[in-house]
Amino acid sequence: MTDNPIIIWFRRDLRIADNPALSEAAKMGKPVICLYIYESDVARPLGGASLLWLHHSLVSLAADLKSIGAKLYLRKGEAREVLNGVIKQSGADSIYWNRRYDEDARGRDADIKADLKSRSIDVKSYRANLLSEPWTVEKKTGGYYKVFTPYWRAAQAELDTSEPLPVPTALKNYQSELEHDNLEEWNLLPTSPDWGSKMLPDWSPGSAGAAQALSNFLKAGVEDYPDERNRPDNETGTSRLSPHLAFGEISPKQIWHSCKSDITKARKFLAEIGWREFSYVLLFHNPKLATQNFKSDFDSFEWTKDETALQRWQKGQTGYPFVDAGMRQLWQTGWQHNRVRMVTASFLIKHLLIDWRRGEEWFWDTLFDADPASNAASWQWVAGSGADASPYFRIFNPFSQGEKFDPNGDYVRKFVPELSKLPNKYIHRPWEAPASALSDAGVKLGETYPKPIVDHKEARERALANYKQMRQE
DNA sequence: TGAAATGTTGGGGCG
DNA sequence: ACGCCCCAACATTTC
């Protein structure tokens, strides 16, 4: 056997446990070069929140690798050129990686694979971030599932829920020096202003943080998830694993395995893993999922181009406390509770009639968990343009949703502090509060907190009329 | 994983 | 005892 090194190309699989590419490379007994490339030629660059997370996740991965005797090499540039350079410098004769599924990355990976193979480099790719490949679950009549429930029923029979791979122990690190970037020089962290350091105390990027989040969630009781997941005022009601999953700091298989002792108890929670898998099926078969209506009848829909309204939604100044709390939670913490995502997205699309793609872009930029499949599929779900989508007439009421799922107003008070002294009765609808209640709470509508940007009833009727018209055309 | 309008039922107040 | 009205509570329909 030659002693030529193997390159392990890390992408969105920033972990050392249950990492097939890494484990397979370790098995070969050859020196390994662990490499992360900050690709400069991607179709859709990461958003600001994702870049911040990536920085810390890479720091964490480097430490994890160090603990098993390996170094993480960082390089910026076009993947093909970087890989060619590393091969030339190191004499590597193999490259292993874990697959990714968005069209741009898939295309690049396929080109690179063909090119390297033609030069007798051994290229191997693995499934690491999904429980089944998006092309494997098919209907009996052929084609892929476009409705979640039958998809998930069929998929569960085919999921790979085998034991997650352990952290490789016998890793032989490549010993010579290689060209290497300094992470700081990539400038992934925001400066002037440094909004990042305020966001991170809530989070711990990296595999250890992911494991901790999972353990906290399971301790709180996964059996309570079906109800508690709807309560944004309960900080332990959801797993908060989404950013960790998005960067591959934890694998869906590891999550599944942690629930294995009682799958029934965890069924609702695991169904959310199922939605993630389903989103990847949709993305795989619809590469333009983030920019093109899944249902083409929506192509004729005339969205409004109200920049002021868009900005008020983005900054949490719509005058609907529950919506504003959600948008401010996103801006301040890089995350928004799932129940609230449905409400804020519905508000942008249906109350303001703004194109779902504007919302998708905003979430892409501001969410730590921004994911090419989940983000696009979920926005289309709310718009009604997606597969198995929310029906056009489903319009979330921005204040009754708050009253139902944040009954004590704790969530609103946390993120919309200027309303915090309002009594529960009016916390979700300050425009109905009598003048005395407002003045007692120090609220001046239109000054300290905005009046509703649109009237709910009118906006609802307008949305129904517009959607109805589109269906008739 | 919706909201609102409309329909139905049944108890209680009351003449 | 009876009919009538009101209305809450629940069910069904519609968007």
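# A tour of the predicted model

Begin with helices H3 and H4 of chain A, where Ala-79, Arg-80 and Leu-83 of H3 are in contact with Arg-108, Ile-112 and Asp-115 of H4. Sorted by class, this contact holds three nonpolar residues, no polar ones and three charged ones. Everything on this tour belongs to a predicted model.

To see the pair whole, select residues 79-90 for H3 and 103-118 for H4; their axes come within 10 Å and cross at roughly 30 degrees. The crossing is right-handed.

Keep H4 selected and look along its length. From first C-alpha to last, the 16 residues of H4 reach 23 Å, close to the 22 Å expected at 1.5 Å a residue. Just past the end of H4, pick Ser-120, which has a positive phi of about 65 degrees.

Next, select residues 48-67, which form helix H2. How far apart are the end C-alpha atoms of H2? They are 29 Å apart, and this agrees with the expected span of 28 Å, because H2 has 20 residues at 1.5 Å a residue. Following H2 is Gly-69, and its phi is also positive, near 85 degrees.

Now go to the loop between strand E1 (6-10) and helix H1 (20-27), and select Asp-18 there. Asp-18 is a residue other than glycine, yet its phi has a positive value, near 50 degrees.

Another loop to visit runs between strand E6 (172-173) and helix H6 (196-199), and Pro-193 is found in it. Show the backbone from Ser-192 to Pro-193: the peptide bond there is cis, with omega near -5 degrees.

For a wider view, colour chain A by domain. The assignment gives domain 1 as 6-126, domain 2 as 130-163 + 209-285, and domain 3 as 296-472. Between the centres of domain 1 and domain 2, taken over C-alpha atoms, the distance is 25 Å. Where these two domains touch, domain 1 supplies ten residues and domain 2 supplies twelve. On the domain 1 side, those residues are four nonpolar, one polar and five charged.

Then select helix H15 (residues 356-366) together with helix H16 (residues 374-383). These two helices pack with their axes 10 Å apart, at an angle of about 145 degrees. Is the crossing of H15 and H16 left-handed or right-handed? H15 passes H16 in a right-handed crossing.

To bring out the contact itself, show Trp-356, Gly-359, Glu-360, Phe-363 and Trp-364 on H15. Opposite them on H16, show Asn-375, Ala-376, Trp-379, Gln-380, Val-382 and Ala-383. Taken together, the residues of this contact divide into seven nonpolar, three polar and one charged.

The last stop is DNA strand B. Which residues surround DNA strand B? Select Phe-148, Trp-275, Met-342, Phe-393, Arg-394, Ile-395, Phe-396, Asn-397, Ser-400 and Gln-401. Colour this surface by class, and the residues near DNA strand B come out as six nonpolar, three polar and one charged.

Definitions and conventions: Residues numbered from 1 in each chain as written. Chains lettered and ligands numbered in written order. Predicted model: local features only at pLDDT ≥ 70, side-chain atom pairs only at ≥ 80, totals over all residues. Near = placed C-beta within 6 Å. Nonpolar A, V, L, I, M, F, W, Y, C, P; charged D, E, K, R; others polar. Domains from an automatic or database assignment. Contact = placed C-beta atoms within 7 Å. Axes fitted to C-alpha atoms, helices over the stretch in contact; angles between N-to-C directions. Helix = DSSP H or I, 4+ residues; strand = E, 2+ residues; numbered from the N terminus. Left-handed = near helix turned anticlockwise from the far one by under 90°. Expected span 1.5 Å × (residues − 1).
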